[in-house]
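Work through these short exercises on aromatic contacts. Keep the structure open beside you.

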Amino acid sequence: MASVTLRGLTKSFGALQIIPDLDLEIADKEFVVLVGPSGCGKTTALRMIAGLEESSGGKISIGARDVTSLRPGLRNIAMVFQNYALYPHMNVGANIGYGMKARGESADAIKAAVAKAARIVALDKLLERRPKELSGGQRQRVAIARALVRDPDVFLFDEPLSNLDAKLRVEMRTEIRKLHRDLQATMIYVTHDQVEAMTLADRVVVMNGGRIEQAADPMTLYSRPANVFVAGFIGAPSMNFVAVTAVSGSAGPQIKLPDGGLLTPPAQFHTALLRLVGQPVIMGIRPEHLQESSDSPLLTMRVENVETLGSHRLLIGQLAGAPFTAQVQSGYSAVEGQSAGLSPDLSHLHLFDATTKLSLLGPQ
Ligand code: ATP
């Protein structure tokens, strides 16, 4: 297996610059997920690593090899696509072994490699079936097995689960994670689904507009998002944002809430807030870090919709004219059309500079 290094990678389609300057180092055996909204350039970045898309500038290395101008077949990578791209007239075994056959490898070598790959993805009982006789999950496993037989330096996955239903996606997620553990392989995986990214990755790379907003392990992204974009993208339901003002209180800096109430944030924000006294700040609080509070609540939202999910309820509505969601216990009896008092857990408070949109805690 091998590391993958992108240095100053750029991509333009005609006059349109999709990736202005991408730097990323992926360690040997690391599972990295590129995630971001539609059109942010994650598939293009993956296809450049595969050699399926020519880069406009910069350098791609796999291990110590500069592969920037190498054709895909010489890069020793294997890619699994969203549409499994199986040959319908061939059975599972022939689909898995097709690449080896095309390269002229011996029948015995193909048989052994197919059997081994099929065992890893639990398809060994289905080798004679044709793709149309398989479920979506089984088809995707054939596509993964086809990548396995290549014994590549790096596995690339391009939204491999997006054609599967929700339950199967969860199952396949577990299988891919296990595959990574068993193979100890370098894997780069593209998805627009932040839950998939968080559950699979050693490290998540959040992209936006062809740039990396933050690259970190899932827990750091969740608890220490570097900016408003990452804070809003990671986590479901999304983080709430409230426009507040930094003010100077008698015992140190405080936050002035939209209704005039005051909140004292944890000490780690004090230095940054003192520099911003009198200026607008963005307060972020996740729905799961709010609690119902009828006596002198710090925040009051207008509830427009109550979603009962069994284990908890979501109160969906507005606070100071902005969308706001709170996750409360299932026993909480909120009424649609009325207001609900809430207290934020201040140890999970986030504050961002309203101009730069960067976390007041600075980089991790
Ligand atoms: P999605 O999740 O929707 O697949 P993505 O983040 O993977 O999005 P890309 O497929 O990398 O995004 O596309 C990035 C941008 O490049 C998009 O605006 C897309 O329209 C544009 N693009 C991709 N391929 C081409 C092409 N061959 N010619 C012109 N523009 C392209």
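This is a predicted model.

**Exercise 1.** Decide whether Phe352 is buried or exposed.

*Solution.* Take the relative accessible area of Phe352, which is 1%. Buried means under 20%. Phe352 is therefore buried.

**Exercise 2.** Classify the ring pair of Phe241 and Phe352, then place both residues in the chain.

*Solution.* Start with distance: the ring centres lie 6.1 Å apart. Rings pair if their centres lie within 6.5 Å. Next, take the planes, which stand at 70 degrees, so the pair is edge-to-face. Planes over 60 degrees apart count as edge-to-face. Now locate the partners. Phe241 is in strand β11 (residues 240–249) and Phe352 is in strand β20 (residues 350–353). They are 111 residues apart, and the pair links distant parts of the chain. Last, check Phe241: its relative accessible area is 24%, and it is partly exposed.

**Exercise 3.** Find how many aromatic pairs the structure holds, and classify the one formed by Phe157 and Tyr189.

*Solution.* The count is 6 aromatic pairs. For Phe157 and Tyr189, the ring centres are 5.5 Å apart. Their planes meet at 35 degrees, so this pair is tilted. Phe157 belongs to strand β7 (residues 154–158), and Tyr189 to strand β8 (residues 186–191). The pair therefore ties together parts 32 residues apart in sequence. Both Phe157 and Tyr189 are buried. Finally, widen the view: Phe31, Phe155, Phe157 and Tyr189 form one aromatic cluster.

**Exercise 4.** Identify which residue's charged end sits over the ring of Tyr222.

*Solution.* Look above the ring of Tyr222. The residue is Arg286, with its charged end 4.2 Å from the ring centre.

How values were computed
Residues numbered from 1 in each chain as written. Predicted model: local features only at pLDDT ≥ 70, side-chain atom pairs only at ≥ 80, totals over all residues. Heavy atoms only, no water. Phe/Tyr/Trp six-rings, centres within 6.5 Å; stacked < 30°, edge-to-face > 60°. Helix = DSSP H or I, 4+ residues; strand = E, 2+ residues; numbered from the N terminus. Buried < 20%, exposed > 50% of the residue type's maximum accessible area, 1.4 Å probe, protein only. Lys NZ or Arg CZ within 6 Å of the ring centre and 35° of its normal.
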